[in-house]
Amino acid sequence: MKVIRHQDIKGTEREVKCPNGGFTSFRYLLERDGMGFSLHETRIPKGERQFWHYKHHREACYCVSGEGFLWNEETGDQFAIHPGVCYVLDNLDEHSFMAVSDVVLISVFNPPVTGTEVHGPDGSYAKAGDL
């Protein structure tokens, strides 16, 4: 059994900041924790629309605070994201997100991330083993 507190992660290698300022990810569970998924608290500051495309990971996000918009880049569909909404990127979806107020998401990735990933130029994380 583990109990992981936010203060245990803040300021460690499990606090990962997007190089372009698009989010901060507090990575509670990683591949090395052996759960088969990774669990993150993702904080997205109010700001510009960010493009992401996970080519090797599926992600589910549950919004706990803030408001934003999610776009499916393939279809053009737009979705309002606010507390109580879960969105699921189950088809390796190209998407973008814009926070209209600071947003906090609880995110689950499968396969799990190793902990050092940040978005590459194509908006994706590297495939496991390619870091």
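Me: Two strands count as paired if DSSP finds at least two bridges between them. With that in mind, how many bridges join strand β1 to β2?

Reply: This is a predicted model, and in it β1 covers residues 15–17. β1 and β2 run antiparallel, with V16 and S25 as bridge partners. Since pairing takes at least two bridges, β1 and β2 qualify, and the count that joins them is three.

Me: Which residue in the turn of the β1 and β2 hairpin has a positive phi?

Reply: There are six residues between the two strands of this hairpin. One residue in that turn has a phi of about 80°. That residue is G21.

Me: Is strand β2 mostly covered or mostly open, and how many of its residues are buried?

Reply: β2 spans residues 24–29. A residue is buried when its relative accessible area is under 20%. By that cut-off β2 is mostly covered, and its buried count is six of six.

Me: And which residue in β3 does L29 stand opposite?

Reply: β2 also pairs with β3, in the antiparallel sense. Five bridges hold that pairing together on paper. Across from L29, the residue in β3 is L39.

Me: What about I44, buried or exposed?

Reply: I44 is found in strand β3, which covers residues 38–44. Leaving out residues up to four places away in sequence, I44 touches G22, F23, W52, F97, A99, S101, D102, V103 and L105. Its relative accessible area is 3%. Buried means under 20%, so I44 is buried.

Me: How far apart are the C-alpha atoms of I44 and G68?

Reply: Along the chain, I44 and G68 are 24 residues apart. G68 has A99 in β9 as its bridge partner, and I44 touches A99 too. The C-alpha separation of I44 and G68 comes to 9.3 Å.

Me: Which strands stand at the edges of the open sheet, with one side left without a neighbour?

Reply: The open sheet has four strands in the order β4-β9-β6-β7, with antiparallel pairing. Its twist averages 25° from one strand to the next. Inside it, β6 (residues 68–72) and β9 pair over five bridges. A strand with a single partner has one side left free, so the edge strands are β4 (50–53) and β7 (78–81).

Me: Which element gives the most to the largest nonpolar core?

Reply: That core has 19 residues, and those with the most contacts inside it include I44, W52 and Y87. Elements giving two or more residues are β5 (58–65), β8 (86–89), β9 (94–99) and β10 (103–110). With three residues, the top contributor is β10.

Me: Neighbours within four places in sequence aside, which residues is Y87 in contact with?

Reply: Y87 is among the residues with the most contacts inside the core, as are I81, F97 and L105. Those three turn up in its contact list as well. The full set is E59, A60, C61, L70, I81, F97 and L105.

Me: Zooming out, what percentage of the contacts with a separation of 6 or more comes from residues 24 or more positions apart?

Reply: The chain has one helix and ten strands, running α-β-β-β-β-β-β-β-β-β-β from the N terminus. Of its 131 residues, 42% are buried. For the contacts asked about, the share from residues 24 or more positions apart is 64%.

Me: How much area does the protein chain expose?

Reply: Carbon and sulfur atoms supply 53% of the exposed area. The total for the chain is about 7200 Å².

Key:
Residues are numbered from 1 along each chain as its sequence is written. This is a predicted model: local features need pLDDT of at least 70, side-chain atom pairs count only at pLDDT 80 or more; totals for chains, interfaces and linings use all residues. Side-chain values use heavy atoms; hydrogens and water are left out. A nonpolar core is a set of buried Ala, Val, Leu, Ile, Met, Phe, Trp, Tyr and Cys residues joined through side-chain atoms within 4.5 Å. Buried means under 20% relative accessible area, exposed over 50%, partly exposed in between (1.4 Å probe, protein chains only). Contact means heavy atoms within 4.5 Å. Accessible areas come from the Shrake-Rupley method with a 1.4 Å probe; for residues, only the protein chains shown count as cover. Axes are lines fitted to C-alpha atoms, for helices over the stretch in contact, and angles run from 0 to 180 degrees between N-to-C directions.
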